[in-house]
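Q: Hey, could you walk me through a structure? I'm new to this, so plain words please.

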Amino acid sequence: MAKKIHADQRYIVGLVNNDAAIINEIYKRCAAKVKSWIVFNNGSEDDAADIFQESLMEVYRQAKYKSLELTCPFEPYILLICKRKWLNEIKKRSILPVTNKEEDLLHIGEDTFANADDLEKQEAQSKLFFAAFEKLGERCKEIISWSMKGEAQEKVAEALGVTYGYLRKKKSECMASLIKMVQSDKTEE
Amino acid sequence: MMNEEKLLTVARYLEGDMEPQEKQEFETLLQSDAELQELKAYYINVHQSLKMNIAPDETDQQVAATLATLGKQHFKNEATEQPSPRVVSLQPYIKWLSVAAVLIIGLLVWAPWSANLYEKYTISKEMSVVERSDNGQNTLEKAADFYNAHDYASAEKLLQEVYKQEQANSLAAYYYGITLIETGKGDEARAVLSKLYDGESVFKFDAAYYIALSYVKQKDNSQALSWLSKIPQGSTNYDKAKELSTKLR
């Protein structure tokens, strides 16, 4: 993709590297804003801390596992993600929001919306994939999670009481049937 | 190949379930088959999404811990909170506010509590030399005597000697760093200690802690906080670091 990566990608890199100085900078820049917005919208300080952490964790995961690339400034991006998350949470708890959805965000650039949309999409996808995984047979689930945890295959085979050859074959089959399931879920929608 | 068949091939390829010969053939085929390419990308997407959910690794947990610590610092403190978005006229208060501000700034500059914080939160009050090496043993022991008698300037000179000879001696480096802080050479201290922090010695996080203290001494709270946050949960000084962090905010 020929998109231009924003200089604020450095925050993403800092997150992925667990760089405390950079992460502290993120908190310094954004925490107070998230807090005042969420508290203003009938949340507590704890809610704000949770939402902010959840949002950063999601960004971190997308960056680490799926090489998320930021094409917009970081601050409005993370604020927008937090706001959306809180608006969702409010809906779940049936609290009335004070500010209408994003009406106070009109000055935010289109690229920021696009980036935040993308993250939401990825998150939703991720849930879908996990739901499909849950529908797999016990054996498949076991094999997939063991191998994703990076355990040595020989060890996994031994733990599950199967041969190494069988494990390898079964793993591919399990993953293939998972993908098939996800694909058919997608076409059903 | 049917889609299903292709899918299984992609799975076997990506899961490393192919012999070299077959793998090579698959790679050749992949270059010309757009559907196969798409399946491969899709497979990787599903695999990675799933992996972050069911198999979070150690770093993921460390990042979560960093966020939790910083979250506590930044969300639980009323004093640093931004004013609420409601607009209130400040006119009548401004005069008094400015008087208060001057007083507060004065206090901050003077900061009688900061010096005490340094004293209160030092962790290595005693230097003991357990390990005996042929070289520099006497110097180190002498240095320890000075150190324990709080004669940091004398200890510093001796430790500097040892440190210059044995850069890898983490004990000497650590206490040398502390004596530098005690004698007011913050920058030099941090140069020595951050090398320790970058390494893998037992003093790794103690070094981070003392770098933070050196900033406390210089009243650079933001740097101090950032170094304190490098001390992971489960290490010896974690609780102290956390407590100190709250006081600094």
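The chat below covers chain A, a helix of chain B and the contact between the chains.

Q: What kind of model is this?
A: This is a predicted model: local features need pLDDT of at least 70, side-chain atom pairs count only at pLDDT 80 or more, and totals for chains, interfaces and linings use all residues. Residues are numbered from 1 along each chain as its sequence is written, and chains are lettered from A and ligands numbered from 1 in the order in which they are written.

Q: Cool. How many helices and strands are there in chain A?
A: Chain A has 8 helices and 0 strands. Helices (H or I, at least four residues) and strands (E, at least two) are DSSP runs, numbered from the N terminus.

Q: And how does α9 in chain B sit, buried or exposed?
A: 12 of the 13 residues of α9(B) are buried, so this helix is largely enclosed by the rest of the structure. Buried means 20 or more other C-beta atoms, placed from the backbone, lie within 10 Å of the residue's own. B:Tyr174, B:Tyr175 and B:Tyr176 are among them.

Q: What follows α9(B)?
A: B:Gly184, with a positive phi near 80°.

Q: New topic: how many residues does each chain bring to the contact?
A: Chain B gives 38 residues and chain A gives 43. Two residues are in contact if their C-beta atoms, placed from the backbone, lie within 7 Å.

Q: Which helix gives the largest share on chain B's side?
A: That's α4(B), with 11 residues of the side that touches chain A.
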